[in-house]
Amino acid sequence: MFRSVMTRGLVALGLAPVLLIGCASGSATPQPHPPATASAPVPVPVPGVTLPPDALATLVPRPDEVPAGMVPVIAGSGPRNLKTVAGYSGTGATATAAAAKLRAHGFVKAYVAQYANPSTGQVMSIVVSTFATAVGATADFGDDQAGARGKRAVTPTLGAASSVTVQDLPGSVVSQLVLVRFRRGTTTWSLAYKAGPVADPQLAIGVATALLRRT
């Protein structure tokens, strides 16, 4: 989804991460995962609030499964339809192409969960998407992988297929983005974790592993 294959994005969080979520692939320039620039202020989350309800909410991290101090960012979380997910790729013709890819892959629905720690600037954004068939999910995941950026980390495979990349983020604040993409059956995940000055890939991988245990 998110495009060059997809960068389905981190969702406007103030993360600036370039998350490709497998969906829209192509030659378009990936857009922020849904998130923002590294130097942008982190949205102020509301303690004690839970994620919006939805059937897919069970496939994203619970508040007790993310790094200590992180709380849900409700404005950036919840169910997402095809149009919204395609929009993570860009606007105009780019979004149209992304939507066409999603339809071709049998996109069903998606859910976004965002967490932030206003004290440390840590941000985590997870996009889980479901497809009508495993074949469609595989194709979407492949598109996403084709547009992956950053340095690949050597890690055990998560689910049926996965990848972990780490990249430095531009901005006045030194920070890194870890992007964990993985697939199982008809479902794909794109998990972005931003922290400074260094983001620990193992932390993000631990969250992804916990999600897979529930599937």
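This is a guided tour of one protein chain, stop by stop, with a suggestion of what to select at each stop.

**The whole chain**

Begin with everything shown, and keep in mind that the model is predicted. The chain holds four helices and eight strands, and along the sequence these follow the pattern β-β-α-α-β-β-α-β-β-β-β-α. Of the 215 residues in the chain, 57% are buried. If a surface is drawn, its accessible area comes to about 8,400 Å², and 60% of that belongs to carbon and sulfur atoms. Among contacts with a separation of 6 or more, 59% are between residues 24 or more positions apart.

**Strand β4 and its partner β3**

Select residues 122–131, which form β4, and colour them so that they can be followed through the next stops. Ten of the ten residues of β4 are buried, and both of its faces are covered, with Gln122, Met124, Ile126, Val128 and Thr130 on one side and Val123, Ser125, Val127, Ser129 and Phe131 on the other.

Now add β3, residues 107–117, which pairs with β4 in the antiparallel sense over ten bridges. To see one of these pairings, show tyrosine 111, whose bridge partner in β4 is valine 128. The hairpin of β3 and β4 has four residues between the strands, and there glycine 121 takes a positive phi near 85°.

**The two ends of β4**

Select glutamine 122, which lies in strand β4. Is this residue buried or exposed? Glutamine 122 is buried, because its relative accessible area is 14% and the cut-off for buried is under 20%. Its side chain makes a polar contact of 3.1 Å with the side chain of threonine 120. Beyond its sequence neighbours up to four places away, glutamine 122 touches several residues, including Pro67, Met70, Tyr115 and Tyr193. Alanine 195 is worth showing as well, since the C-alpha atoms of glutamine 122 and alanine 195 are separated by 4.7 Å although the two residues are 73 apart along the chain.

Then move to threonine 130, also found in strand β4, which counts as buried at 13% relative accessibility. Leaving aside neighbours within four places in sequence, the contacts of threonine 130 include Leu56, Phe107, Lys109 and Thr187.

**Across to β8 and β7**

Next select β8, residues 187–195, which runs antiparallel to β4 and is joined to it by eight bridges. Within this pairing, methionine 124 stands opposite tyrosine 193, and valine 127 has serine 190 as its bridge partner. Nine of the nine residues of β8 are buried; Thr187, Trp189, Leu191, Tyr193 and Ala195 point one way, whereas Thr188, Ser190, Ala192 and Lys194 point the other way.

Adding β7, residues 175–184, shows a further antiparallel pairing, in which nine bridges join β7 to β8. Arginine 184 has threonine 187 as its bridge partner in β8. The hairpin of β7 and β8 has two residues between the strands, and glycine 185 takes a positive phi near 60° there.

**Helix α4**

Select residues 201–213 for helix α4, which has 13 residues and reaches 19 Å from its first C-alpha to its last, close to the 18 Å expected. At its start, a side-chain oxygen of aspartate 200 comes to within 3.0 Å of the backbone nitrogen of glutamine 202. Which residues of α4 are buried? They are Ala204, Ile205, Val207, Ala208, Ala210, Leu211 and Leu212, and the buried residues of this helix pack against β4, β6, β7 and β8.

**Salt bridges**

For the last stop, show the charged side chains, among which the structure holds six salt bridges. Glutamate 65 and arginine 214 meet in one of them at 2.5 Å, N to O, and this pair links the segment before β1 to the segment after α4, across 149 residues. Glutamate 65 counts as buried at 19% relative accessibility, while arginine 214 is partly exposed at 31%. Show Arg62 and Asp64 too, for these are linked with Glu65 and Arg214 in a network of salt bridges.

Finally, select lysine 101 and aspartate 143, whose closest N and O atoms are 3.5 Å apart in another salt bridge. Lysine 101 is in helix α2 and aspartate 143 in helix α3, 42 residues apart.

Note on methods: Residues are numbered from 1 along each chain as its sequence is written. This is a predicted model: local features need pLDDT of at least 70, side-chain atom pairs count only at pLDDT 80 or more; totals for chains, interfaces and linings use all residues. Side-chain values use heavy atoms; hydrogens and water are left out. The expected span of a helix is 1.5 Å times one less than its number of residues. Buried means under 20% relative accessible area, exposed over 50%, partly exposed in between (1.4 Å probe, protein chains only). Contact means heavy atoms within 4.5 Å. A polar contact is a pair of N or O atoms within 3.5 Å; within protein, one must be able to donate a hydrogen and the other to accept it, and residues adjacent in sequence count only if both atoms are side-chain atoms. Two strands pair if DSSP finds at least two bridges between them. Accessible areas come from the Shrake-Rupley method with a 1.4 Å probe; for residues, only the protein chains shown count as cover. A salt bridge is a side-chain nitrogen of Lys or Arg within 4 Å of a carboxyl oxygen of Asp or Glu.
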